[in-house]
Amino acid sequence: MAISNVEIADIFTHLAELLEIQGYNAFKIIAYKNAAREIANLGSSVARMVEEGDDISKLPSIGNHIAEKIREIVKTGKLTQLETLQKKFPSHILDLLKVEGIGPKRAKILHDTLHINSLEELMRAAKEHKIRDLDGFSDKIEQKILDKTMFAKKIGKRFMYSVAEPHANAILDYMQKSKDILKVLVAGSFRRRKDTVGDLDMVATSKNPKKVIDYFVQYPDVKDIILHGDTRSTIILKSNIQVDFRCVQEDSYGSALHYFTGSRAHVLAIRKLAVQRDLKINEYGIFRGKQSISGSSEEDIYKTMGFSYIEPELRENRGELEASRKGELPHLINQEDMRGDLHMHTTYSDGQNSIEEMARAAMGFGYEYIAITDHSKHLSIVHGMDEKKLRTELDEIDRLNEKLKDITILKSIEVDILEDGSLAMSNSLLKELDLVVAGVHDKFNLSAKQQTKRILKAMENPYFTILAHPTGRLINQREAYSLDMELLFKETVQRGCFLEINSQPKRLDLNDIYAKIAKDLGVRFSISTDSHNERSLYYMKYGIYQARRGWIEKKNVINTLPLSELKEMLKR
DNA sequence: GCCGTTTTCGGCCCGACTGTTTTCAGTCG
């Protein structure tokens, strides 16, 4: 399997950080970081481009030097320059940078004078008061390091969107009660609906920022106050989520919101364009000389720079600026577009509610149809159905469709794709179903070649309809299994199958980057909840968020279709 | 190391907060 963009990007990030600690030219370091970001965001596989002889030095932020390094990485799987550096600096030294208050300069001093290379060694040195007398340190900084090192070790993970969400809503609610606040919003990756959130960024307007900040740090759920200035503050909640708060005057709201919504890559790209036009953009507005010419709303910012409004989910510098300028931005899908949910479980397998309970709950969402997709019987699935049990379930669905007039229950199954690519249910039964959702639930460690072959073999079955959670990743728990994604996407289109965007908060699989690649190759999707009880049907919104980040439109999604059209679509 | 609608050289996004700083370096986002 060729090396992934993320792995290549990581190599350049590590290279940049190690060079930074060594005190190399700052702009060279920025160049490596820019290259890393560009590669991580790229829609197509860099390794594949290299193998096919494309000129990667034409890519933004990639010149001849970095292109040569990339070719070395693709060819050998590693970068000699980085290996050499790592021999000099143990890999754990980069952990020091995760401690609040330690940047490259202080990390270098700690390494050079006290030979500190890990968080453990840092903590020991701080406890023994060896740090306070170093150049650039003090007893106060030493104490801060001691406090923060504990924290750095605990964290290091991003929070799932659904975990951050209630905290974001609660603190937003609290801030709205301040009488000094005019407007307030949660910006950052949360507003961009990213599947994981590193911290929460809040932006507010007020005539009296100081008062607002003082109110902010009194939030009852605060564990620690990191920073407490006149216009900004940073706190840590008891849940260990960091919240950055920024307060500006009302005529700067648009630019502040834009800046703190990010992404960094998106904002930097626009700032560069501004510089080319002799303008300056900061969080207070767009300036020509000292004259502010824009800033009160985001629409204003984009218009001044010659763009149509760009939805937060698209702001990743993945082509949205060019698309906006050309008037080719997608019309992103909305929750209201959904007419049904095509993946859910009942007590027939590992779900907690009956078919009727699930159907009635779905009616509450205004759905026209649902598909019941209980598990097939297989070693890895608890309470999976055999043929007899599925037959019983189908009979019950017939009775319920007679009884319930406002919703149609489609007959389906979540069938296992076995290691040899066959499906764990006989075709004589599968052909009676309206659709077949199939998924991989074991043998995650096959090689990319084997895993891809397994799934493509399964798709040869004429009753195969939708591939469930295509990469199997679980956020913060399990990596995606190795697959040749582009081949999978092309074959999916070729065979008239569909890919799922699974809305479970810990799955969100396909993710945004793959969804966009797949869409561009003509793949159509099902966005479904994989609900195991009636309460989780609302997960649909998380799947929609992920789809929007993947530039997905209503027309790309089959469960936005009216039932009659959906049925046509499901015929292979 | 990258990049170019005055440039193949000389720039590189921009500002707030902290510490102990009397004018700024380091860090962070």
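Helices (H or I, at least four residues) and strands (E, at least two) are DSSP runs here, numbered from the N terminus. One such run, helix H4, holds Val74, a handy place to start. The model is a predicted one, in which local features need pLDDT of at least 70 and side-chain atom pairs count only at pLDDT 80 or more, while totals for chains, interfaces and linings use all residues. Residues are numbered from 1 along each chain as its sequence is written, chains are lettered from A and ligands numbered from 1 in the order in which they are written, and side-chain values use heavy atoms, with hydrogens and water left out.

Back to Val74. With a relative accessible area of 17%, Val74 counts as buried; the cut-offs are under 20% for buried and over 50% for exposed, with partly exposed in between, using a 1.4 Å probe and protein chains only. Setting aside neighbours within four places in sequence, Val74 is in contact (heavy atoms within 4.5 Å) with Ile3, Ile8, Ala47, Val50 and Glu51. Arg132 is another story: 58 residues separate Val74 and Arg132 in sequence, and their C-alpha atoms are 45 Å apart in space.

H4 also turns up at the DNA. Helices H2 (26-41), H4 (64-76), H7 (104-114) and H14 (264-276), along with strands S5 (222-228), S7 (242-248) and S8 (280-282), each supply at least two residues of the surface near DNA strand B. Here, a residue is near a strand if one of its heavy atoms lies within 4 Å of it. H14 gives the most, with five residues. Altogether 43 residues surround DNA strand B, and the closest are Ser61, Gly63, Ser138, Tyr259 and Arg271. Sorted by class, that surface has 16 nonpolar, 12 polar and 15 charged residues. For this tally, Ala, Val, Leu, Ile, Met, Phe, Trp, Tyr, Cys and Pro count as nonpolar, Asp, Glu, Lys and Arg as charged, and the others, Gly among them, as polar.

What does the protein meet on the DNA side? Of the strand B atoms within 4 Å of the protein, 74% belong to sugar or phosphate, and the rest to bases. Some individual atom pairs fill in the picture. A polar backbone atom of Ser61 sits 2.6 Å from a phosphate oxygen of DNA strand B, and an N or O atom in the side chain of Tyr284 is 2.8 Å from a phosphate oxygen of the strand. Arg264, in contrast, has a side-chain N or O atom 2.9 Å from a base nitrogen of DNA strand B.

The backbone has a few oddities too. Most residues other than glycine have a negative phi, and most peptide bonds are trans. Gly262 and Ser263, however, are joined by a cis peptide bond, with omega about -5°. Ser263 lies in the loop between helix H13 (253-261) and H14. On the other side of H14, in the loop leading to S8, Asp278 has a positive phi of about 60° although it is not a glycine. Asp278 is exposed, at a relative accessible area of 66%. Lys443 likewise has a positive phi, about 50°, without being a glycine, and is partly exposed at 44% relative accessible area. Its loop runs between strand S15 (437-439) and helix H20 (448-459).

A second cis bond runs from Asp509 to Leu510, with omega near 5°. Leu510 belongs to the loop between strand S17 (498-502) and H22. Helix H22 (residues 512-520) contains Asp512, which is buried at a relative accessible area of 7%. Leaving out neighbours within four places in sequence, Asp512 is in contact with Arg318, Gln546, Arg549 and Gly550. With Arg549 there is also a side chain to side chain polar contact at 2.8 Å; a polar contact is a pair of N or O atoms within 3.5 Å, where, within protein, one must be able to donate a hydrogen and the other to accept it, and residues adjacent in sequence count only if both atoms are side-chain atoms.

Finally, strand S12 (residues 369-372) is covered on both faces: Tyr369 and Ala371 on one side, and Ile370 and Ile372 on the other, are all buried. Strands pair if DSSP finds at least two bridges between them. S12 runs parallel to strand S13 (residues 408-411), joined by four bridges, with Thr408 as the bridge partner of Tyr369. Strand S11 (residues 340-341) also pairs with S12 in the parallel sense, over two bridges, and Asp341 stands opposite Ile370.
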